[in-house]
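Open the model in your viewer and keep the selection tool at hand. The tour moves from one selection to the next.

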Amino acid sequence: MTKTQNIFISHIHEDDAGLKKVKDLCRNHGLTVRDGSINKAKPNKAKNADYILNKIIGPRIKWCSTMVVYITPETKNSEWVNKEILRAERLGKRIVGVWAHGHAGCEPPAALKHMADAMVGWDGGRIVDALTGKFDGKENNDGSVAAPTAYQRVACQ
């Protein structure tokens, strides 16, 4: 039986095509995801940054159970991706970084390095395990274990 999970995929719009690939990979490994992220098919036409974060993106992040950060070389420079990660962290959401297929050696966003519950390579089973909480840890884009960061996210009791 296929499970369903609500996610928000933080990404840059140039990487919109990768969102379908992530969702397809999850579905092929038994997890159907409902995606609340903003993309070209569901554009955000507002101009005020506070309004966008608090009234458009914030509720979508609150709705999801897990935030996925789609990691490509340009993601690390996105102010919005970092803002979305910080919002998810404040809301206590699970944060999972997924290395996009074929992006060896790219640097993840700064906020993700410190706040990710998991970071995984392009492997459907591993992505599903990270999304569902069966895997907590950080991998490099090739699946090898990542070096620890100075700050590790810890849930409050």
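Which residue follows α1, and what is the sign of its phi? Select Gly30: this residue comes after α1, and its phi is positive, near 90 degrees. Bear in mind throughout that this is a predicted model.

**Whole chain**

Colour by secondary structure. You should find five helices and six strands. Along the sequence they run β-α-β-α-β-α-β-α-β-α-β. The protein has 157 residues, and 47% of them count as buried. Now think about contacts with a separation of 6 or more: 68% of them join residues 24 or more positions apart.

**Helix α1**

Select residues 16-28. This is α1, with 13 residues. From first C-alpha to last, α1 reaches 19 Å, close to the 18 Å expected at 1.5 Å a residue. Show the side chains next. Asp16, Gly18, Leu19, Val22, Asp24, Leu25 and Cys26 are buried. What do the buried residues of α1 pack against? Their partners are β1, β2 (31-35), β3 and α5 (124-131).

**Ser10 in β1**

Go to Ser10, in strand β1. Buried or exposed? Ser10 counts as buried because its relative accessibility is 0%. Leave out neighbours within four places in sequence, and Ser10 touches Met67, Val68, Val69, Tyr70, Val81 and Glu84. Then pick Ile71. Its C-alpha is 8.9 Å from that of Ser10, though 61 residues separate the two along the chain.

**Helix α2**

Select 49-63. α2 has 15 residues and spans 20 Å between its end C-alpha atoms, close to the 21 Å expected at 1.5 Å a residue. Where does α2 bend? Centre on Ile57: the bend there is about 45 degrees. Pro59 follows within four residues. The buried residues of α2 are Ile52, Leu53, Ile56, Ile57, Gly58 and Ile61. An α-helix has 3.6 residues a turn, so residues three or four places apart point the same way. The buried residues of α2 pack against β1, β3 (66-71) and α3.

**Helix α3**

Move on to 79-90. α3 has twelve residues and reaches 17 Å from first C-alpha to last, close to the 16 Å expected at 1.5 Å a residue. Its buried residues are Val81, Asn82, Glu84, Ile85, Arg87 and Ala88. These pack against β1, α2, β3, β4 (94-99) and α4 (110-115).

**The largest pocket**

Switch on a surface. Rolling a probe the size of a water molecule over the atoms shows where empty space is left. The largest pocket holds about 290 Å³ of space. Which residues lie closest to its centre? Select His13, Ile38, Ile57, Trp80 and Glu84, out of 18 lining residues. β1 (3-10), α2 and α3 each give two or more residues to the lining. By type, the lining holds nine nonpolar, six polar and three charged residues. Two residues from earlier stops return here: Ile57, where α2 bends, and Glu84, a buried residue of α3.

**Last stop: Pro73**

Select Pro73, in the loop between β3 and α3. Pro73 counts as partly exposed because its relative accessibility is 31%. Beyond neighbours within four places in sequence, Pro73 is in contact with His103 and Cys106. Finish by picking Pro108. From C-alpha to C-alpha, Pro73 and Pro108 are 7.5 Å apart, with a sequence separation of 35 residues.

Note on methods. Residues are numbered from 1 along each chain as its sequence is written. This is a predicted model: local features need pLDDT of at least 70, side-chain atom pairs count only at pLDDT 80 or more; totals for chains, interfaces and linings use all residues. Side-chain values use heavy atoms; hydrogens and water are left out. On a 1 Å grid over the protein atoms alone, a cavity is a set of points where a 1.4 Å probe fits but cannot get out, and a pocket is an open set with protein on both sides within 12 Å along at least five of seven lines; lining residues have an atom within 4 Å of a point. Grid points are joined across faces, edges and corners, and a volume is the space filled by probe spheres set on the points. Ala, Val, Leu, Ile, Met, Phe, Trp, Tyr, Cys and Pro count as nonpolar, Asp, Glu, Lys and Arg as charged, and the others, Gly among them, as polar. The expected span of a helix is 1.5 Å times one less than its number of residues. The bend at a residue is the angle between axes fitted to the seven residues ending there and the seven starting there. Buried means under 20% relative accessible area, exposed over 50%, partly exposed in between (1.4 Å probe, protein chains only). Contact means heavy atoms within 4.5 Å.
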